[in-house]
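Reader: Please take me through this structure with short questions and answers.

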Amino acid sequence: RGARRAIRAWLMVLFALVVVMIAVGGLTRLTDSGLSITEWKPVTGALPPMSEAAWEEELEKYRQIPEYQQINKGMSLDEFKVIYWWEWGHRQLGRFIGLVWALGFFGFLIARQIPKGWAGRLLGLGALGGAQGAIGWWMVSSGLSGEMIAVASYRLATHLGLAFVILGLIAWYVFQLGRSERDLMQARRGREAKLFSMGTGLMHFAFLQILLGALVAGIDAGRTYTDWP
C-alpha cells in the first residue's frame with residue numbers, strides 16, 4: 001500500500017544527490033576550500049556576499065584563521081573567491097538535499113501515501129541529514145582556531161562515515177520498497193545464512209576502509225609513501 005513506486009523514485013533522486021555531495025566534498029578538500037567560510041549560518045548563509053564590501057568582510061574573517069596565516073598569507077580577493085565558491089556550493093548542495101527530502105516526505109505524509117511502518121524510517125533519513133550538517137560544522141570548526149591548518153582527521157572520518165551510512169540506508173530502503181512484504185518475508189526465510197554473513201562482513205570491511213581512507217587523507221599520511229609498498 002501507499003505510493004511505493006513514487007517514494008522509490010524520490011529516494012533514488014536523494015541517493016544520486018548524496019553521491020554528488022560526497023564528490024563535491026572531496027573536491028572541496030582537494031582545493032583546500034573547506035575553511036573559507038568561517039561561520040555556520042544554515043539559513044542566512046544561503047546568500048553569498050552581494051557587494052564588494054561584503055566580500056572584503058568575508059576575506060577579513062578568513063585572514064583570522066591559522067590556514068590563512070600559515071599557508072595562504074597574501075591571498076588576493078579573487079583567489080579567495082575561488083575557494084569561497086567551492087565551500088558555498090558544497091553547503092548549498094546540502095541545503096538543496098534537505099529541501100528535496102522535506103518536500104518529498106511532507107508531501108507524501110500530507111497525501112497519506114507513505115506505506116504503513118515507513119514514516120519513521122523516512123523521517124529518520126531527514127534527521128540524519130540534519131545531523132550531518134551539524135557534524136559538518138563541528139568538523140570545520142576544528143580548523144578555525146589554535147594551531148590547526150586543516151580540520152581534525154577524526155571529525156573528517158565521522159563526517160564521511162555518516163554520509164555513507166545515509167547512502168546505505170537509502171539504497172536499502174529502495175530495494176525493500178521494490179518488493180512486496182510477502183516476497184520479503186519469503187526471502188528472509190529462505191536466505192542463505194553463510195552468504196548473508198559473508199556479505200555483511202564484506203560490507204563492514206568496506207566501510208572500515210572508507211573510514212581509514214578519511215583518516216589517511218585528514219593527516220596527509222598518503223604523502224609519506226611515494227612508492228609501493
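Reader: What does Asp220 count as at 39% relative accessibility?
Author: Buried means under 20% relative accessible area, exposed means over 50%, and partly exposed lies in between (1.4 Å probe, protein chains only). Asp220 has 39% relative accessibility, which lies between the two limits, so Asp220 counts as partly exposed.

Reader: What kind of model is this?
Author: Residues are numbered from 1 along each chain as its sequence is written, and side-chain values use heavy atoms, with hydrogens and water left out. Local features need pLDDT of at least 70, side-chain atom pairs count only at pLDDT 80 or more, and totals for chains, interfaces and linings use all residues, this being a predicted model.

Reader: Where is Asp220 found, and what is its phi near?
Author: Asp220 is in the segment after α8 (193-218). Most residues other than glycine have a negative phi. Asp220 is a residue other than glycine with a positive phi, near 55°.

Reader: In which loop is Arg112, which also has a positive phi?
Author: Phi of Arg112 is near 55°, in a residue other than glycine. Arg112 is exposed, because its relative accessible area is 75%. Its place is in the loop between α4 and α5 (119-141).

Reader: How many helices and strands does the protein have?
Author: Helices (H or I, at least four residues) and strands (E, at least two) are DSSP runs, numbered from the N terminus. Read along the sequence, the pattern is α-α-α-α-α-α-α-α. The secondary structure therefore comes to 8 helices and 0 strands.

Reader: What share of the contacts with a separation of 6 or more comes from residues 24 or more positions apart?
Author: Contact means heavy atoms within 4.5 Å. The protein has 229 residues, of which 34% count as buried. Among contacts with a separation of 6 or more, the share of residues 24 or more positions apart is 78%.

Reader: Which residue forms a salt bridge with Arg4?
Author: A salt bridge is a side-chain nitrogen of Lys or Arg within 4 Å of a carboxyl oxygen of Asp or Glu, and by this rule the count comes to 8. For Arg4 and its partner, the closest N and O atoms are 3.9 Å apart. The pair links distant parts of the chain, from helix α1 (residues 4-30) to helix α7 (residues 181-189), 177 residues apart. Arg4 is buried at 17%, and its partner, partly exposed at 41%, is Glu181.

Reader: Which residues are joined into one network by salt bridges that share partners?
Author: Asp220 meets Arg223 in a salt bridge of 3.7 Å, N to O. Salt bridges that share partners make one network, which joins Glu39, Lys41, Glu57, Glu58 and Lys61.

Reader: Which side chain of opposite charge is nearest to Arg155?
Author: Arg155 is in helix α6 (residues 153-177), where it is buried yet has no salt bridge. Its side chain does have a polar contact of 3.0 Å with that of Tyr154 (N or O atoms within 3.5 Å; within protein, one able to donate a hydrogen and the other to accept it, and residues adjacent in sequence counting only if both atoms are side-chain atoms). Lys and Arg count as positive and Asp and Glu as negative, with His and the chain ends not counted. The nearest side chain of opposite charge, 14 Å away, is Glu87.

Reader: Why is the pair of Trp55 and Tyr84 given its name?
Author: Rings of Phe, Tyr and Trp (its six-membered ring) pair if their centres lie within 6.5 Å; planes under 30 degrees apart count as stacked, over 60 as edge-to-face and the rest as tilted. A search of the whole structure finds 15 aromatic pairs. The centres of Trp55 and Tyr84 are 4.9 Å apart with planes at 70°, so the pair is edge-to-face.

Reader: How many residues apart in sequence are the parts that Trp55 and Tyr84 tie together?
Author: Trp55 is buried at 6%, and Tyr84 is buried at 4%. Both belong to one aromatic cluster with Tyr62, Tyr68, Phe80, Trp85 and Trp88. Trp55 lies in helix α2 (residues 52-62) and Tyr84 in helix α4 (residues 77-110), so the separation is 29 residues.

Reader: Over the face of which ring does Arg121 lie?
Author: A charge sits over a ring if NZ of Lys or CZ of Arg is within 6 Å of the ring centre and within 35 degrees of the ring normal. Arg121 is at 3.8 Å from the ring centre of Trp118.
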